[in-house]
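These are my notebook entries on one structure, kept in the order in which I looked things up. I began with the ligand and then moved on to single residues and strands.

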Amino acid sequence: MRIVLLGPPGSGKGTQGEQIEKQYAFPRISSGDLLRAAVQEKTPLGRQAEAFMNRGELVSDELVVDMIRERIAAPDCRQGYILDGFPRTLPQAERLSGIDQGRRELVFDILVPDEAIIRRLSARRICSGCGAIHSFHSGGSSDAATCAACGGRLIQRDDDRPEVIKHRLEVYHAQTAPLQEFYRNRSVYHRIEGLGTVEDVFQRVKDVLETYSSELKH
Ligand code: AP5
Ligand code: MG
């Protein structure tokens, strides 16, 4: 099975992806996390991606598609995988449909209004040790200064500054929202209400996944 998490920045793709990964043991492939790791390691990909990411713009389709194609080919993806943040342009979605053809694909479009997104992203902190997603002062997973899972230091992403958040939302509405139409024309598209607690949202995701229970067993 291939699970695609669509939805605007801050809608909870990473948070819900972590929950699905834990419950169903499919690896979560986050295009943003892979790109941030490449930036950190100063690889050629990271060097090309960094300026686009800091401005809240998308990295070129070519670079991202090659990165995801390579990751999907790894042995841990044989039983299935979760795509978090990919695809996010029509050319990426078209290229993805040619990769791993024949595999069952479910698309969850997690929808949250822009005002709630701005609040969530301003409060988000990431563990510098294990990458776990936290929230400060937002009723989210943690108000602590260190990660509950590994004790690592919590940091703010460079693109979670107010002016960059606003631009990421503009980019989403212009370039990624059209994917709703692309996927709605297929039988696999599920709209998920993204407001409510993390558990509420995950219950909505699980209600859909359980209808495919025979395909979730490894
Ligand atoms: P990426 O890392 O994918 O960022 P994004 O899409 O902007 O999404 P986020 O990670 O910001 O949000 P999320 O939906 O994962 O929400 P989260 O679960 O963290 O991409 C970053 C950049 O990389 C892009 O701008 C681009 O430059 C580049 N890039 C990546 N993919 C690309 C691609 N395919 N093509 C081209 N370029 C690409 O939750 C957010 C916060 O809310 C957290 O603090 C969380 O704790 C909290 N929260 C979650 N759920 C709830 C809830 N139910 N209630 C309250 N708080 C909640
Ligand atoms: Mg994310």
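Entry 1, the shell around the ligand. I asked which element gives the largest share of the shell around ligand 1, and in this predicted model I found that it is helix 2, with four residues. I then listed the elements that each supply at least two residues of that shell, and these are helix 1 (13-24), helix 2 (31-40), helix 6 (114-123) and strand 6 (133-135). There are 33 residues around ligand 1, of which Thr15, Ser31, Glu57, Arg124 and Arg168 come nearest. When I sorted the residues of the shell by type, I obtained eleven nonpolar, 13 polar and nine charged.

Entry 2, polar atoms at the ligand. I looked up three atom pairs, starting with Glu57, where a backbone N or O atom lies 2.5 Å from an oxygen atom of ligand 1. For Arg88 it is a polar side-chain atom that lies 2.8 Å from an oxygen atom of ligand 1, whereas for Val198 a backbone N or O atom lies 3.5 Å from a nitrogen atom of ligand 1. As to cover, ligand 1 has 1,000 Å² of accessible area on its own, and the protein covers 96% of this.

Entry 3, Gln92. From Arg88 I followed a second contact, since the backbone nitrogen of Arg88 lies 2.9 Å from a polar atom of the side chain of Gln92. Gln92 has its place in helix 5, which spans residues 90-97. Is Gln92 buried or exposed? Its relative accessibility is 2%, and because buried means under 20%, I count Gln92 as buried. Once neighbours within four places in sequence are left aside, Gln92 is in contact with Asp61, Val64, Val65, Phe86 and Pro87.

Entry 4, strand 4. I next checked strand 4 (residues 105-111), and seven of its seven residues turned out to be buried. Side chains in a regular strand alternate between the two faces of the sheet, so I took each face in turn. On one side of strand 4 the buried residues are Glu105, Val107, Asp109 and Leu111, and on the other they are Leu106, Phe108 and Ile110, which leaves both faces covered. Strand 4 pairs with strand 1 (residues 2-6) in the parallel sense over five bridges, and it is also joined by five bridges to strand 8 (residues 189-193), again running parallel. Asp109 was a useful reference point here, for it stands opposite Leu6 and has Arg191 as its bridge partner in strand 8.

Entry 5, Gly46. I placed Gly46 in helix 3 (residues 44-55) and noted a relative accessible area of 1%, which means that Gly46 is buried. Not counting residues up to four places away in sequence, Gly46 touches Ala38 and Val39. I also took the separation of the C-alpha atoms of Gly46 and Leu34, which is 9.2 Å for two residues that are twelve residues apart along the chain.

Entry 6, the three-stranded sheet. Last I looked up an open sheet of three strands, whose order is 6-5-7 with antiparallel pairing. Strand 6 and strand 7 (154-155) stand at its edges, and because each has a single partner strand, one side of each is left without a neighbour in the sheet. Strand 5 (residues 124-127) and strand 6 run antiparallel and are joined by three bridges, with Arg125 standing opposite His134 in strand 6.

Conventions:
Residues are numbered from 1 along each chain as its sequence is written. Chains are lettered from A and ligands numbered from 1 in the order in which they are written. This is a predicted model: local features need pLDDT of at least 70, side-chain atom pairs count only at pLDDT 80 or more; totals for chains, interfaces and linings use all residues. Side-chain values use heavy atoms; hydrogens and water are left out. A residue is near a molecule or strand if one of its heavy atoms lies within 4 Å of it. A polar contact is a pair of N or O atoms within 3.5 Å; within protein, one must be able to donate a hydrogen and the other to accept it, and residues adjacent in sequence count only if both atoms are side-chain atoms. Accessible areas come from the Shrake-Rupley method with a 1.4 Å probe; for residues, only the protein chains shown count as cover. Ala, Val, Leu, Ile, Met, Phe, Trp, Tyr, Cys and Pro count as nonpolar, Asp, Glu, Lys and Arg as charged, and the others, Gly among them, as polar. Buried means under 20% relative accessible area, exposed over 50%, partly exposed in between (1.4 Å probe, protein chains only). Contact means heavy atoms within 4.5 Å. Two strands pair if DSSP finds at least two bridges between them.
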